[in-house]
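User: Can you take a close look at one helix in this model and the residue that sits in it, then work outwards to the rest of the chain? I'd like one connected read rather than a list.

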Amino acid sequence: MKEPAPSTIYLKDYKVPNFLIETIHLTFDLHDTETKVTSKMKIKKNPESQDGNDLFLNGEELKFVSAAINGEKLSEDQYKLTDDSLTLLSAPAEFELVIENEINPTANTALDGLYKSGNIFCTQNEPEGFRRITYFMDRPDVMAKYTTKIVADKNLYPTLLSNGNPIGEGELDGGRHWVEWEDPFLKPAYLYALVAGDLGMIQDSYTTMTGRKIDLRIYCDKGNESRCFHAMESLKKSMKWDEDTFGLEYDLDIYMIVAVDSFNMGAMENKGLNIFNSVYVLANPETATDDNFLGIESVVGHEYFHNWTGNRITCRDWFQLTLKEGLTVYRDQEFSADLNDRTVQRIQDVARLRGHQFVEDAGPNAHPIKPDHYMEINNFYTATIYEKGAEVIRMIRTFLGKEGFRKGMDKYFELYDGQAVTTEDFLHAMSVANDNFDMTQFKNWYKQAGTPELITEWEIKDGELYLTVEQKTPATPGQPVKEPYHLPLKMSLLSKDGSSNEKIELTSSNGEQPHLDQGILHIRNNKETFVMKASGDVIPSLNREFAAPINLKAPYTTEDYLFFMANETDAFNRYEATQVLATKMIDDLIAGNEVDGRYYEAFDSLINDDKLPAGIKALCLSTPSLTMLLQKQTTIEVAKTNEARIALRKSVAQKLEDSIVGLYEKLNSELKEYKLDGDSIAKRSLKNTLLGYLASLENRHDLIFTQFENANNMTDEISAFNIIANIESERSKEASQKFYNKWKQDTLVIQKWLAANSSSTLDSTFDKVQELEKDEVFDWNVPNLVRSVYWGFANNKVQFHHPTGRGYKLVADKIIKLDSINPQIASRIVTAFNDYKKAPAQAQALMKKELERIVDHKGISKNVYERADNVLK
């Protein structure tokens, strides 16, 4: 650590900046190890600040050369220089500041600021990377207009890119050249970008709704141009969707995406120059799965949508991160839902929320979507900020309706375009645009951590249903007591004949209920009872479409869930019934009981239901993940739960073998020709779900190996290999070597091979991952490769929680090693220890030993320290 006890930053301590930077002109003279940076800034005192005249500038890993105010070089008594800052003492009220410094991009393995990815210079400045480029007020509420001049060797770096529009270029002596870029829009430093390299490029254009022609470019390593076309089509679809849905038009003359291999995140929305992890750009059927194609579409959309929700309007401070990320995740989810199957998209979004964010909310690093303190802001790029933040936006959309939400968005842009604002500003815009809709209680979603439990019970008498709803939110670190939330409960009354009545007729309730015709109850109190008309034999269907991010507790019986599996009119709740029933069967097996025979009958009915769309059927036939099953346990039982899960899948395969094989072979026949369309994607998903069940039947292993050997697309090839990686046999080893030999030169594909091996539950995986680390395809400096091996292993519950504790020790060793290279990635792997308090006593003791070793390690970063210390506390 840089300090014995890392300091904590609090929202309550926020102050406006005492100076403002109006413009900045940057000149980069690029060299691998000694890049020279000259910044020229126009600065003035902020009239809203009462602080003094000392100007504090952030700066890390910089070699200071000189500074001058209004042309006068500063003497040493006019500034204070430390390892992480430059402070100008008694700065004037308005002045021009010129700073010269040097940086070493090649040595920057943290991948923050300016660094080298292979032979490409690139930047990553969110949240606080710009301070590793030059001295600056590196905070999002300091917004300036940027101009950039890049000077480099023309032979090595013929392509020189930055934000905005190009305004000049020229040749220099010694084989060097320059290009100058100007961004006319105000932006914070975290949105600054620079790229230099010898790059391939594809080019297209888009004509906006007002007739402007936008130049679209995607840059990549030469030779990968043919794999960029899906990303380009996704970009054009994103631009059209944002115009059609929100009336938002792109505002520059050029939009660029650059794909790089070494990148800590998925992608970055830098104004006009997005930098992407190559995983989210490069794709063709031979090397990318259907999920890769859909992921590219989603991430390209997400970064494009940031142009308005993140760039044009940005965050006042980093506590407001969900302002841009939660809103933009919601927008990209809706974009994907409109382009593909809305129900499948919703189920997958909720599965990700539960698999990651619900776990986070129940663990030692739980935090609200708007935290009130942090030690290291990089640790708050989390599922809570993103996915739960998106669910909060979705609830606002549910309350206000489609037209009301659009009016709120329009008002948001009208009031705050070009500003750095807060979540309160967003809620204010939504409220005033909708007859001052009361957001007071709804703000609890922003300030409280934890997943609410909604406990329901009901009875029917005299033609009325009495529905009692009680909400409880478990205590989380620093928040032992919770206030009640304002949330939407979407419901319907299902008749035993399968019909549904979504219009609620209340005869008694607490508070105003404006959305009864849409089947929505407003829940506001800790406990309340609603009385509604109920004719005939009905059963309430609750939290339809997963309208609120809650854990629903309802007195449904096995018979009720079987009824829902066959008759539920809400596709999400039909899926939910399949998952709850599967969980019940696994719990029965853990308790030593047999599986209820009716489960097999219901499962077989789903397989043979020709009216159920293939994509939804694939999800309904899936088994809850081990992570999801452990989440529901007070003390986790990894081995028993995994064994019971495997036993359930094997018994299903044994009893329904003919149905499973029959449908698999039918789909396999229909899918001989590869197509990338919704119907084919859904059918491949169903086919590979069925194939997964056959892994437990040794007599059907030929089907798995045949698919692997004959696959004409990566979806089928890697789906089969993921199964093979969990089969202990010589044939499996041969298949693994064959895949490796075929794809070892393609880093994106070999990442899939690495991940399949590190995620295998076989006992040999422990030794295997250590062999993978030594393989020529592995590189500690490439985050994607590290994630494939050690993030994969850390999330391999069976091997991480090995009873000997060897998994804990191995992961701790790698966290400590990686921390000296890339603290951000190391910190994320620490979250594997979040099960600490739920682990059995013996496992807790073993985990504690490794966590203490991490925290006490000399020089450990505050990124890793904060998360590991939270787990121990």
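Analyst: First, a term: a helix here is a DSSP run of H or I with at least four residues, numbered from the N terminus. Also keep in mind that this is a predicted model.

With that in hand, the residue to start from is serine 238, which is part of helix 1, residues 229-246. Its relative accessibility is 0%, and since anything under 20% is called buried, serine 238 is buried. What does serine 238 touch, once its neighbours within four places in sequence are set aside? The contacts are Val300, Gly301, Tyr304, Phe305 and Phe335. For a sense of distance, take threonine 148: that residue is 90 positions from serine 238 in sequence, and their C-alpha atoms are 28 Å apart in space.

Now step back along the chain from helix 1. Cysteine 228 is buried too, because its relative accessible area is 0%. The structure holds zero disulfides. Cysteine 228 does have another cysteine sulfur to look at, that of cysteine 220, the nearest one at 3.7 Å. A disulfide needs the two sulfur atoms within 2.5 Å, so this pair doesn't make one. Elsewhere, cysteine 620 comes out as buried because its relative accessible area is 3%.

Next to look at is arginine 227, found in the loop that runs between strand 18 (213-221) and helix 1. Is arginine 227 buried or exposed? At 9% relative accessibility, arginine 227 counts as buried. Leaving out neighbours within four places in sequence, arginine 227 has contacts with Val281, Leu282, Ala283, Asn284 and Thr287, and also with Asp746 and Leu748.

For another helix, try helix 6, residues 423-432. Its buried residues are Thr423, Phe426, Leu427, Ala429, Met430 and Ser431. Those buried residues pack against helix 3 (321-339), helix 5 (383-416) and helix 7 (444-447).

The loops have a few details for anyone checking backbone geometry. Between strand 11 (120-124) and strand 12 (145-153) there is a loop that holds methionine 137, and proline 127 is in the loop between strand 11 and strand 12 as well. The peptide bond leading from glutamate 126 into proline 127 is cis, with omega near 0°. Methionine 137 is buried, given its relative accessibility of 4%. What is methionine 137 in contact with, apart from neighbours within four places in sequence? Its partners are Pro17, Asn18, Phe19 and Ile21, then Leu55, Phe56, Leu57 and Asn58, and finally Val142. Lysine 154 is 17 residues from methionine 137 along the chain, yet their C-alpha atoms are separated by 32 Å.

Two residues have a positive phi without being glycine, and they make a nice contrast. Leucine 111 has phi near 60° and belongs to the loop between strand 9 (94-103) and strand 10 (113-117). Aspartate 462 has phi of about 50° and sits in the loop between strand 25 (453-461) and strand 26 (464-472). What about their accessibility? Leucine 111 is buried, at 3% relative accessibility, whereas aspartate 462 is exposed, at 76%.

Finally, zoom out to the whole chain. There are 26 helices and 33 strands in it. The radius of gyration is 28 Å, close to the 29 Å that the globule rule gives for 873 residues, so the chain is as compact as a globular protein of that length. Along the principal axes, the C-alpha atoms fill a box of roughly 85 × 65 × 60 Å. Of the 873 residues, 60% are buried. If you take the contacts with a separation of 6 or more, 70% of them are between residues 24 or more positions apart. On the outside, the chain exposes about 34,500 Å², and carbon and sulfur atoms supply 46% of that. As for charges, there are 100 positive and 133 negative ones, and their mean positions are 1 Å apart.

Technical notes. Residues numbered from 1 in each chain as written. Predicted model: local features only at pLDDT ≥ 70, side-chain atom pairs only at ≥ 80, totals over all residues. Heavy atoms only, no water. Helix = DSSP H or I, 4+ residues; strand = E, 2+ residues; numbered from the N terminus. Buried < 20%, exposed > 50% of the residue type's maximum accessible area, 1.4 Å probe, protein only. Contact = heavy atoms within 4.5 Å. Rg over C-alpha atoms; globule rule 2.2 N^0.38 Å. Areas by Shrake-Rupley, 256 points an atom, 1.4 Å probe, with all protein chains shown as cover. Lys, Arg positive; Asp, Glu negative; His and termini not counted. Charge placed at Lys NZ, Arg CZ, Asp CG, Glu CD.
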